[in-house]
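Open the model in your viewer and keep the sequence panel visible. The tour below goes from one selection to the next and says what is found at each stop.

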Amino acid sequence: MAKGGSEISKEGTAMSEDTEVNTAVTWLDPDWAWLRVQKMQTKLHQWAVADPDRRFDDLYNLVHDPATLSVAFARVAGNAGAHTPGVDRMTVRAIGDDVGVEAFLSDIRGRLKQREYLPLPARERMIPKSGGKLRRLGIPTVADRVVQAALKLVLEPIFEADFVPCSYGFRPNRRAHDAIAEIQAYGTRGYRWVLDADIEACFDRIDHTALMGRIRDRIKDKRVLALVKAFLKAGIMTESGQFEETDTGTPQGGILSPLLANIALSVLDEHFDAQWRSWSPWQRRSRQAKGLGTWRIVRYADDFVVLVNGTRVNVEAVQADAAAVLEPLGLCLSPAKTQIVHMQDGFNFLGFGIIWKRKRGTDKWYVYTFIADKPVQSLRRKIRSLTHRLSQADYRITLLRINQILRGWANYFRHAVAKHTFGRLRAFVWSRVVRWVMHRHRMTWKALRRQLRGPTGWRPVVMDGIELFNIASVPVTRYRWRGSRIPTPWPVTVINPTA
C-alpha cells in the first residue's frame, strides 16, 4: 500500500503491494494513508458483494500495512478514551512524547509481521448503570487498540456486505434514529404486537467457537483468525489486580468488540430476514387473514424488537424461535427485560417511548415517539450534580459542560415529540443554575431579578462570557425512514474478482 494501495489478485486474494520484510517503511501523511485504506476497503467490499460465498485469504498483510496502522492510530488518538490507559499505563499522549508515533507503529508492525504480537489483558473498569447495577468494561492497551482498529478496517467492509438492513447498531452510516423510524413505519402498517427483547450479558457470554465459526465463513487467512482469537482469549485484569481468563464473550470497551458482536448476532437477523423475504406481499396478507401472522426484526446491538402483525400467540412463538436461534451462541433472552406488549400500551426502545394512540381531537390513530422517562431523569441528575448549591466550580467550565450535555441530548431526541419536554427542561436548567448562583453569592430573588429582567423580558444567563444554552430553541423535526436507501461508505458497483 505504500506504493499503490491494495490490490485483488487474479486468484481472488486481497493483498498489499508492499509486503516485503526488508522494504523500508514510509509512514504516510494521514490524509494519504486514509485515501489508500479507503481504496483497499472499497475493493474488499465490492469483492464481497460480487461473491457472497468467497472466503478471503492473504488479509494479514493488509492489517500490518503502514497505511492501515497509520489510520488505525489516528482513530485511536481521536477517540474519547485516548487518555485512558490499559494495563501498561500508557496513553496516546505518553506514546507521542516518550516513544514517538512512528517508532511505536514500527514496533507493532514488526511484531505483527513476525507473528510475535500477543495482546495484553484488558483493564477492568466498572461503570454505573441505571438501577444501581454496574457494567463491566475492558480497556485494552493503546497498542492493542491500534491493532484492533486495523483489524476492523480490514474486516468491516467484508462483513458489511453480508449484514442485513434490519441491523443498525455500530454500523457505518446507521444510527438509532433509523431503527426508531422503521418501527414507526411498520407500526403504522399494522405491526403493533411487539416482542421487546434484550439479550442477557451479550458481550460477556458469546461463545467463542460459534463466533469464530461465523468469521471463518468469510475469512480464510489463518493469521487473521489467530489474531482475532488471541484478542478473545487475552483475559481481563480486574480492579483488584487479579487476572481472569475470558473463555466466552468479547469485552465491551474494545474497538473490535462491536463488530464481533454484530457478526455473531447477524445469525438472528438472517433468520428473521429470511422468513420475511420468503413471503410475498400476497402471502403476507394471506397469513394475516388466517391468523398466522407476519413479523419483522429491528435490532440495535444486543437490543432488538420483533414487530408482529398478528396476535399475542404469534409473538410467543416468535420469542421461542428467537431463543432457539440464540442458544448455539451461548446466549439467552433476559427474563427481566424481555416483554410482549401491544403498541397501544407503549414500550421503550433506545431511549424513546413508542406508542400507538389517537390523535387529540380526531378519530385517527398514529404511532408516536416520545422521550422515555429514564433519559429525562438521567439528564436531570447530571444537571443537579453540576449545579449543587455548595459547588465552587468555575462558572465558565460548568456552563460549557452543561451546554455540551444539553446540545448532545437535544440533538439525539429532537426527532421525537419533544417540544413540551424541551420546554420543561429549559425551565429546570435555568432554575438550577440561577439558584446555584444565588446561593453562592448570597443574593436575594429581588437582586437577581434586577440583573436578569429587562424591558423586554428575561435576559439569557451569561457568566464569564458563556451563555446558558436554551434547549427549547432546538427545532423538533421528523426523521424520515431511509429503509434500504442507507448508503455504505464504499461504492457498491460490483466488480469481477477474477478480472
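Which residue in strand 6 is the bridge partner of A122? Select strand 3, residues 122–128, together with strand 6, residues 236–237. The partner of A122 is I236. Note before going on that this is a predicted model. Strand 3 and strand 6 run parallel and are joined by two bridges.

**Stop 1: the four-stranded sheet**

Widen the selection to the whole sheet, which is open and has the strand order 4-3-6-7. Its pairing is mixed. At the edges are strand 4 (134–139) and strand 7 (243–244), each of which pairs on one side only.

Now pick G138, which lies in strand 4. Is G138 buried or exposed? Its relative accessible area is 2%, and G138 therefore counts as buried, the cut-off for that class being under 20%. Show what surrounds G138: apart from neighbours within four places in sequence, its contacts are A122, R123, I236, P251, Q252, G253 and G254. Two of these names, A122 and I236, are the bridge partners from the start of the tour. Draw a distance from the C-alpha of G138 to that of I236 and it should read 6.8 Å, although 98 residues separate the two in sequence.

**Stop 2: helix 5 against helix 6**

Select helix 5 (residues 101–113) and helix 6 (residues 142–160). Their axes come within 11 Å and cross at roughly 65°. The crossing is right-handed. To see the contact, display the side chains of F104, L105, I108 and L112 in helix 5 and of V142, A143, V146 and V147 in helix 6. By class, this contact of helix 5 with helix 6 consists of eight nonpolar residues, with no polar and no charged ones.

Follow the chain from helix 6 into the loop that leads to helix 7 (176–188), and stop at N173. What is the sign of phi at N173? The angle is positive, near 65°, and N173 is not a glycine. Most residues other than glycine have a negative phi. N173 has a relative accessible area of 36%, so it is classed as partly exposed.

**Stop 3: strand 9 and its partners**

Select strand 9, residues 303–309. Six of its seven residues are buried, and the strand is mostly covered. Then add the strands that pair with strand 9, as follows.

- Strand 8 (residues 294–300) runs antiparallel to strand 9, with seven bridges between them. V298 has V305 of strand 9 as its bridge partner.
- Strand 5 (residues 193–198) also pairs with strand 9 in the antiparallel sense, over six bridges. D198 is matched with D303 in strand 9.

Zoom in on the turn of the hairpin made by strand 8 and strand 9, where two residues lie between the strands. A301 takes a positive phi there, near 60°.

A further residue to inspect is A201, in the loop between strand 5 and helix 8 (202–205). A201 is not a glycine, yet its phi is positive, at about 45°. With a relative accessible area of 30%, A201 is partly exposed.

**Stop 4: the three-stranded sheet**

Move to the open sheet with the order 11-12-13, in which the pairing is antiparallel. Why does one side of strand 11 (347–349) and of strand 13 (365–371) have no neighbour in the sheet? Both stand at the edges and have a single partner strand each, so one side of each is left without a neighbour. Look along the sheet: neighbouring strands are turned by 30° against each other on average, direction ignored. Strand 11 and strand 12 (residues 352–358) pair over three bridges, and F349 has F352 in strand 12 as its bridge partner.

**Stop 5: helix 14 against helix 16**

Finish with helix 14 (residues 373–386) and helix 16 (residues 419–441). The axes come within 10 Å and cross at roughly 15°. Angles under 35 degrees count as roughly parallel, and helix 14 and helix 16 are therefore roughly parallel to each other. Their crossing is right-handed. Display V376, L379, R380, I383 and R384 in helix 14, then T421, R424, L425, F428, V429 and R432 in helix 16, to see where the helices meet. This contact of helix 14 with helix 16 has six nonpolar, one polar and four charged residues.

Definitions and conventions: Residues numbered from 1 in each chain as written. Predicted model: local features only at pLDDT ≥ 70, side-chain atom pairs only at ≥ 80, totals over all residues. Heavy atoms only, no water. Axes fitted to C-alpha atoms, helices over the stretch in contact; angles between N-to-C directions. Parallel < 35°, antiparallel > 145°, perpendicular 65-115°, else oblique. Left-handed = near helix turned anticlockwise from the far one by under 90°. Contact = heavy atoms within 4.5 Å. Nonpolar A, V, L, I, M, F, W, Y, C, P; charged D, E, K, R; others polar. Buried < 20%, exposed > 50% of the residue type's maximum accessible area, 1.4 Å probe, protein only. Pairing = 2+ DSSP bridges.
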